[in-house]
Amino acid sequence: MKLTVLVDNNTIIDQYYYAEPAVSYWIEIDNKKILFDVGYSDIFIKNAQLLGIDVKEADYLVLSHGHIDHTGGIEPYIDYAGKKTKDISLVAHPLAFSRKTYEGFGDIGTRKRQKEIETYFNAHLSKKPVWLTENLCFLGEIPRKNDFEAKEPVGMVFENGKKKPDVVVDDSALVYRSGKGIVVIAGCSHSGIANIIEYAKNVCGSEKISDIIGGFHLLNAQKVVLEKTIDYFKSCEIMDFHPCHCTDLNAKIELGKHFPLQEVGSGLILNYA
Ligand SMILES: [Fe+2]
């Protein structure tokens with residue numbers, strides 16, 4: 001599997017790509033091309049062009065969850081891909097298109113609702129895991145089993161005409177079954193990075209973890225949350241760590257005391273066996 005970071009909060013020194021506080025990855029595996037999240041704006045298209053990637057050639061568009069820093073690029077993508085969108089399977093949790101708001105920020109959810117999305121893409125919305133290729137799986141709804149993650153709502157969500165605190169039940173991730181263990185590819189980990197890893201292990205029937213990449217949702221995290229996350233990571237066999245996006249500097253410093261962290265930025269290319 002080859003994973004190219006199209007968009008991240010960071011850039012890498014001497015590599016001239018655009019960045020924004022958002023996520024978009026391009027994944028090539030088993031002769032399929034997967035676009036995982038589309039960032040906040042159109043820069044994923046611009047960076048892809050600079051990297052020699054044509055994002056309209058995607059077989060799948062996977063959305064990690066329905067926040068605008070992961071889905072804001074849908075409109076520019078529709079404009080760019082034109083009729084090609086009909087050939088692209090959009091995979092996401094069914095609640096990724098609910099209206100979401102955050103006090104002081106207004107609407108923070110996907111700009112297009114499910115019905116509109118279905119007019120452009122071949123939509124496959126699922127709470128259950130979906131194997132996109134022989135070795136790459138969209139995890140669907142993540143069971144929240146531990147006592148320290150996914151406790152705080154992120155603004156409000158409108159479902160069936162009712163407004164309620166949003167625990168981002170639509171938050172999901174991808175898992176790749178590599179020869180060296182699983183690779184977990186997260187968007188924002190609102191469901192908890194430990195919960196995601198546990199479920200990914202379960203779905204793949206594998207204990208070994210080759211890499212975890214993405215936002216770990218450790219943003220102004222309480223000390224106890226950081227400690228329990230570190231304890232959890234210590235209990236696993238994890239070879240590589242690529243925390244980014246919504247993993248803040250303090251979390252990286254704390255994680256870095258225990259684990260060999262690697263830098264992530266727009267343009268980073270990772271190859272997995
Ligand atoms: Fe995010």
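**Close-up views of a predicted model**

Buried residues account for 47% of the 273 residues in the chain. Please keep in mind through all the views that this is a predicted model.

**View 1. The whole chain, with its 7 helices and 17 strands**. The radius of gyration is 17 Å, close to the 19 Å that the globule rule gives for 273 residues, so the chain is as compact as a globular protein of that length. Along the principal axes, the C-alpha atoms fill a box of roughly 50 × 45 × 35 Å. If you like contact maps, here is a number to carry along: of the contacts with a separation of 6 or more, 72% are between residues 24 or more positions apart.

**View 2. Helix α1 and what covers it.** Helix α1 spans residues 43-50, and its buried residues are Ile43, Phe44, Ile45, Asn47 and Ala48. The elements covering these buried residues include β1 (2-7), β2 (24-29) and α3 (74-81). After the helix comes Gly52, and its phi is positive, near 75°.

**View 3. Strand β14 between two partners, β13** **and β15**. Start with β14 itself, residues 181-186: the strand is mostly covered, and 6 of its 6 residues are buried. Strand β13 (residues 173-178) runs antiparallel to β14, and 6 bridges join the two. A hairpin through 2 residues makes the connection from β13 to β14, and Ser178 stands opposite Gly181 of β14. With β15 (residues 208-215), strand β14 pairs in the parallel sense over 4 bridges. Here Ile185 has Ile213 of β15 standing opposite. To get from β14 to β15, the chain passes through helix α5 (residues 193-204), and this β-α-β crossover is right-handed.

**View 4. An open sheet of 4 strands**. The strand order is β7-β6-β11-β12, and the pairing is antiparallel. At the edges sit β7 (106-107) and β12 (162-165), each of which pairs on one side only. Look next at β11 and β12, which run antiparallel and are joined by 4 bridges. Within this pair, Phe158 has Lys163 in β12 as its bridge partner. A handy reminder for reading side chains here: in a regular strand they alternate between the two faces of the sheet.

**View 5. Pro143 and its contacts from further along the chain**. Pro143 lies in the loop between β10 (136-138) and β11 (156-159). Is this proline buried, exposed or partly exposed? Pro143 has 13 other C-beta atoms within 10 Å, so it counts as partly exposed, since a buried residue needs 20 or more and an exposed one has 12 or fewer. Setting aside neighbours within four places in sequence, Pro143 is in contact with Asn195 and Tyr199. Pro143 and Asn195 are 52 residues apart in sequence, yet their C-alpha atoms are 6.8 Å apart in space.

**View 6. Leu261 in a loop**. This leucine, Leu261, is placed between α7 (249-256) and β17 (269-271). Leu261 is partly exposed, because 17 other C-beta atoms lie within 10 Å. Which residues does Leu261 touch, not counting those up to four places away in sequence? They are Phe241, Pro243, Lys252, Leu255 and Gly256. For a longer span, try Leu174: Leu261 and Leu174 are 87 residues apart along the chain, and their C-alpha atoms are separated by 20 Å.

Key. Residues are numbered from 1 along each chain as its sequence is written. This is a predicted model: local features need pLDDT of at least 70, side-chain atom pairs count only at pLDDT 80 or more; totals for chains, interfaces and linings use all residues. Two residues are in contact if their C-beta atoms, placed from the backbone, lie within 7 Å. The radius of gyration is taken over C-alpha atoms; the globule rule is 2.2 Å times the number of residues to the power 0.38. Two strands pair if DSSP finds at least two bridges between them. A crossover is right-handed if, with the strands pointing away from the viewer, the path from the first strand over the helix to the second runs clockwise.
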